[in-house]
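Biologist: I'd like to learn how to read a fold feature by feature. Could you walk me through one?

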Amino acid sequence: MKKIIFVMTMLFVFISCTGKGESNSINPDDYNVIGEVINGVRVIDVEAYRFGFEPEYIVVNSGETVKLNLKTRDVPHGFMVEKLDINVSIDPGEINTVDFIAEKKGVYQFWCSVPCGSGHRSMEGFLIIK
Ligand SMILES: [Cu+2]
């Protein structure tokens with residue numbers, strides 16, 4: 001019995017510690033797909049700034065090929081979707097692109113991977129694959 005309680009407690013601690021943000025409370029049905037489809041590729045412009053991303057919710061359909069055009073409004077930032085193995089830098093004066101296939105439905109948190117100041121840790125958003 002003690003063992004079960006221990007396991008349950010550890011499970012609870014583990015669940016409450018995994019991930020930051022509120023991805024569990026996001027219902028993909030509440031969001032519309034954004035960007036435009038050009039030659040079969042969904043193209044979405046994303047702008048990073050101190051301290052956030054515009055748009056904060058990147059919404060695509062599952063099965064689509066997606067291209068993100070990443071820009072920064074100010075200092076160098078990064079764009080990281082850990083669960084999809086995406087991590088690119090966003091450099092001033094450049095457009096850095098990310099290409100991927102939105103394979104699995106879900107809500108994937110992304111965040112800035114380049115320390116950029118006091119609000120860096122709150123620089124996040126969600127990639128929603130419907
Ligand atoms: Cu940043």
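Modeller: Sure, we'll go from the overall chain to the metal site, then to the rings and strands. Keep in mind that this is a predicted model.

Biologist: Which elements does the protein chain have, and in what order do they run from the N terminus on?

Modeller: The protein chain has one helix and 10 strands. The order is α-β-β-β-β-β-β-β-β-β-β, starting at the N terminus. Of the 130 residues in the protein chain, 35% count as buried. Take contacts between residues at least 6 apart in sequence: 65% of them join residues at least 24 apart.

Biologist: On to the metal. Which residues are the protein donors of the copper ion?

Modeller: His77 donates through ND1, Cys112 and Cys116 through SG, and Met123 through SD. These donors lie 2.1 to 2.7 Å from the copper ion. Along the chain, the donors follow the spacing H-x34-C-x3-C-x6-M. One pair among them links distant parts of the chain: His77 sits in strand 6 (residues 77-81), while Cys112 is in the loop between strand 9 (106-111) and strand 10 (124-129), 35 residues apart.

Biologist: Why is the arrangement around the copper ion called irregular?

Modeller: Look at the angles. Four donors count as tetrahedral if all angles lie between 85 and 135 degrees. Here the four donor atoms subtend angles of 88 to 141°, so the arrangement is irregular.

Biologist: Are His77, Cys112 and Cys116 buried or exposed?

Modeller: The cut-off for buried is under 20% relative accessible area. His77 has 1%, so it counts as buried. Cys112 is buried too, with 4%, and Cys116 is buried at 8%.

Biologist: With cysteines around, I'd check for disulfides. How many does the structure hold?

Modeller: A disulfide is a covalent bond between the sulfur atoms of two cysteines. This structure holds zero disulfides.

Biologist: Now the rings. How do I read an aromatic pair?

Modeller: A pair of aromatic rings is described by the distance of the centres and the angle of the planes. There are five aromatic pairs in this structure. One of them is formed by Phe53 and Phe110, which is edge-to-face, with 5.1 Å centre to centre and 80° between the planes. That pair links distant parts of the chain, with Phe53 in strand 3 (residues 52-54) and Phe110 in strand 9, 57 residues apart. Both partners are inside: Phe53 counts as buried at 3% relative accessibility, and Phe110 counts as buried at 0%.

Biologist: Which residues form an aromatic cluster?

Modeller: Tyr31, Tyr57 and Phe126 form one.

Biologist: Phe126 takes us to strand 10. Which way do its side chains point?

Modeller: In a regular strand the side chains alternate between the two faces of the sheet. In strand 10, Glu124, Phe126 and Ile128 point one way, and Gly125, Leu127 and Ile129 point the other way. Six of the six residues of strand 10 are buried, so this strand is largely enclosed by the rest of the structure.

Biologist: Which strands pair with strand 10, and are they parallel or antiparallel?

Modeller: Strand 4 (residues 57-60) and strand 10 run parallel, joined by four bridges. Within that pairing, Ile58 stands opposite Leu127. Strand 9 pairs with strand 10 in the antiparallel sense, over six bridges. There, Trp111 has Glu124 as its bridge partner.

Technical notes:
Residues are numbered from 1 along each chain as its sequence is written. This is a predicted model: local features need pLDDT of at least 70, side-chain atom pairs count only at pLDDT 80 or more; totals for chains, interfaces and linings use all residues. Side-chain values use heavy atoms; hydrogens and water are left out. Donors are N, O and S atoms within 2.8 Å of the metal (3.2 Å for Na, K and Ca); water is not among the atoms, so sites may look incomplete. Four donors count as tetrahedral if all angles lie between 85 and 135 degrees; four count as square planar and six as octahedral if opposite donors are over 155 degrees apart and all others between 65 and 115; anything else is irregular. Helices (H or I, at least four residues) and strands (E, at least two) are DSSP runs, numbered from the N terminus. Buried means under 20% relative accessible area, exposed over 50%, partly exposed in between (1.4 Å probe, protein chains only). Rings of Phe, Tyr and Trp (its six-membered ring) pair if their centres lie within 6.5 Å; planes under 30 degrees apart count as stacked, over 60 as edge-to-face and the rest as tilted. A disulfide is a pair of cysteine sulfur atoms within 2.5 Å. Two strands pair if DSSP finds at least two bridges between them. Contact means heavy atoms within 4.5 Å.
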